[in-house]
Amino acid sequence: MNGRNSPAGIRAPRRLASLFAALATTLLLTTAAVGQDIGPQSQTSRAQVEKLVGLWKDHFAGADSLQQQRTAFKALMEATPGPTRIQLRQIDADGVKAELMWPARLHHPIGERVILYIHGGGFSSGSIRTHSLLAGSLAKAASSDVLLIDYRLMPEYGYPAQINDALTAYRWLLDNGYDNGNVVVAGDGAGGNIAIETVLRQMQAAKPLPAAVVALSPITDLAATGGSMTSNAESDPLVDKAWIEALGKPYLGRRPPTDPQVSPLYADMKGFPPLLLQVGSGEALLDDTLRLADKARQAGVDVTTEVWPGMPHQWQLFPSLLDDADRASQNIAEFAIRHFVDRPKE
C-alpha cells in the first residue's frame, strides 16, 4: 500500500481532527481554481476516516520493508469485503495476469466498453484482490467491463516492467474486441503514474489512444518537489517526501526522477486524452495532482480535477467503510460513461 516505511510515521487519527477546518478552507480556495467543488466534509465522514486510519495503523505496525508493507496491505484488504453481483474471468493478457469482471446483469464474455484498472501500492504492493472491490464497483456503476491487472512489482522488478505490463494489457484489449474509443485507463497512486505513462507511450508510438484516463492521487513527480510534501506533512498519515524518495531508488535505478518517462509531471501532455484527477485535500500528493492538472490544461488537455476534503490516500478502495468512496467511484464511472464512444443505454 502507498504508506510510510515506518509505522511510527502513520499519524494517529486524533491528529487529523485538528486539521479539518484548515483543510476545508484549503479546499474552498483550491477547487474554485482547478475543478469541481465536492462540497464540505461531513462529521460522519470525519469519523469514518478516523476509523480507517486506525485500521491502517494497526495493520502497518512493524512493517518497515517493502515486503512487510506488501504483506500488511494484503492483510488489510483481505479484511474488507470482495465485490458482489459481478462475473469474473481469469485472463492471460499476452503474459500479464489479469481478471476481467463485468456486472452480473450483463451476460457476455467480452463486451463493448472496458476500464483498464492499474492498482496502486508504491510500485511494490497491491494486487487484483486488494483492488477488486473498487473495480467491481466501477464495473456496475459504469455498466462496463473492468480489466484489473497484476503487473510485476519491485523490488523483484524495477522500471520499466510495470509500465510495460500495463501497455501490454492495453494493447491486448485492442487486439481482443475493444475499440480504443471504448477504453478508459485508470489507476491510483503508483497505478495512476503507470496509467498516465502507459498512455504517453501510446502517444509516442502514434498508436490508438484510450477514450479517457483517470488518475487517483497519482505519483507524478518522483523527485518529490511539490510544496504539499511539506505543507501537508502533518495531515497525511500515509505518504511523505522521504517515502517517495525511498521507493524511487529501487524503482528508478540510475534513471533520474525528473525523467518524463517515469515522472509524467515533466512530460509533454499535448494530445493527451481527457483526464479525471481525484485527490484528498490534505494529501502529500496534492501538488502532484494540481501541478499535473495545470500542465495538462496548458497543453490543451480536457482536465477535470476533484479535490476531496479530508480524504486520505487511496480512500476510493474502501466503499465498505467510507461513504465518500462510493461517491468518488460514482464520479469516476460517470466520467467514463461520458467519454465512451458507445455509451451504455439508460
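How many helices and how many strands does the chain have? In this predicted model, the chain has 11 helices and 8 strands. The chain is 346 residues in length, and 60% of them count as buried. Among contacts with a separation of 6 or more, 78% are between residues 24 or more positions apart.

The sheet is a convenient place to start. The 8 strands form an open sheet, with mixed pairing, in the order E1-E2-E4-E3-E5-E6-E7-E8. E1 and strand E8 (303–308) stand at the edges; each has a single partner strand, so one side of each is left without a neighbour in the sheet. Direction ignored, neighbouring strands of this sheet are turned by 20 degrees against each other on average.

Two of the strand pairs can be followed in detail. At one edge of the sheet, E1 runs antiparallel to E2, and 8 bridges join the two strands. One residue pair in this set is Asp92 with its bridge partner Lys97 in E2. E1 and E2 form a hairpin, with 2 residues between the strands. In the turn of this hairpin, Asp94 has a positive phi of about 55 degrees. The other pair is E3 with strand E5 (residues 183–188), which run parallel and are joined by 5 bridges. Here Tyr117 has Ala186 in E5 as its bridge partner.

Helix H5 packs on this sheet, where it touches E1, E2, E3, E4 and E6. The direction of H5 makes about 45 degrees with that of E2. How many of the 11 residues of H5 are buried? In H5, which spans residues 132–142, 9 of the 11 are buried, and the helix is mostly covered. The buried residues are Ser132, Leu133, Leu134, Ala135, Gly136, Ser137, Leu138, Ala139 and Ala142. They pack against strands E1 (86–93), E2 (96–103), E3 (114–118), E4 (145–150) and E6 (212–216), and also against helix H11 (323–339). Just after H5 comes Ser143, with a positive phi near 50 degrees.

Helix H11 also meets the sheet. H11 lies across E3, E5, E6, strand E7 (275–280) and E8, and runs at about 170 degrees to E7. Against H5, H11 packs at an angle of about 50 degrees, with the two axes 9 Å apart. That angle makes H5 oblique to H11. The crossing of H5 and H11 is right-handed. On the H5 side the contact involves Leu134, Ser137, Leu138, Ala141 and Ala142, and on the H11 side Ser329, Gln330, Ile332, Ala333 and Ile337. By class, the contact of H5 with H11 has 7 nonpolar and 3 polar residues, and no charged ones.

A further helix pair is found earlier in the numbering. The axes of helix H3 (residues 43–60) and helix H4 (residues 66–78) come within 9 Å and cross at roughly 135 degrees. At that angle H3 is oblique to H4. The crossing of H3 and H4 is right-handed. Four residues of H3 take part, Leu55, Trp56, His59 and Phe60. They meet Gln69, Ala72, Phe73, Ala75 and Leu76 in H4. The residues of this contact divide into 7 nonpolar, 2 polar and no charged. As background to such lists, an α-helix has 3.6 residues a turn, so residues three or four places apart point the same way.

Two loop residues complete the tour. Tyr157 is located in the loop between E4 and helix H6 (161–175). Is Tyr157 buried or partly exposed? With a relative accessible area of 41%, Tyr157 is partly exposed. Leaving aside neighbours within four places in sequence, Tyr157 is in contact with Arg152 and Gln162. Its C-alpha atom is separated by 8.7 Å from that of Ser124, and the two residues are 33 apart along the chain.

The other residue is Thr220, in the loop between E6 and helix H8 (228–231). Thr220 counts as buried because its relative accessibility is 0%, and the cut-off for buried is under 20%. With neighbours within four places in sequence left aside, the contacts of Thr220 are Ser263, Pro264, Leu265, Asp288 and Leu292.

Terms used
Residues numbered from 1 in each chain as written. Predicted model: local features only at pLDDT ≥ 70, side-chain atom pairs only at ≥ 80, totals over all residues. Heavy atoms only, no water. Axes fitted to C-alpha atoms, helices over the stretch in contact; angles between N-to-C directions. Parallel < 35°, antiparallel > 145°, perpendicular 65-115°, else oblique. Left-handed = near helix turned anticlockwise from the far one by under 90°. Contact = heavy atoms within 4.5 Å. Nonpolar A, V, L, I, M, F, W, Y, C, P; charged D, E, K, R; others polar. Buried < 20%, exposed > 50% of the residue type's maximum accessible area, 1.4 Å probe, protein only. Pairing = 2+ DSSP bridges.
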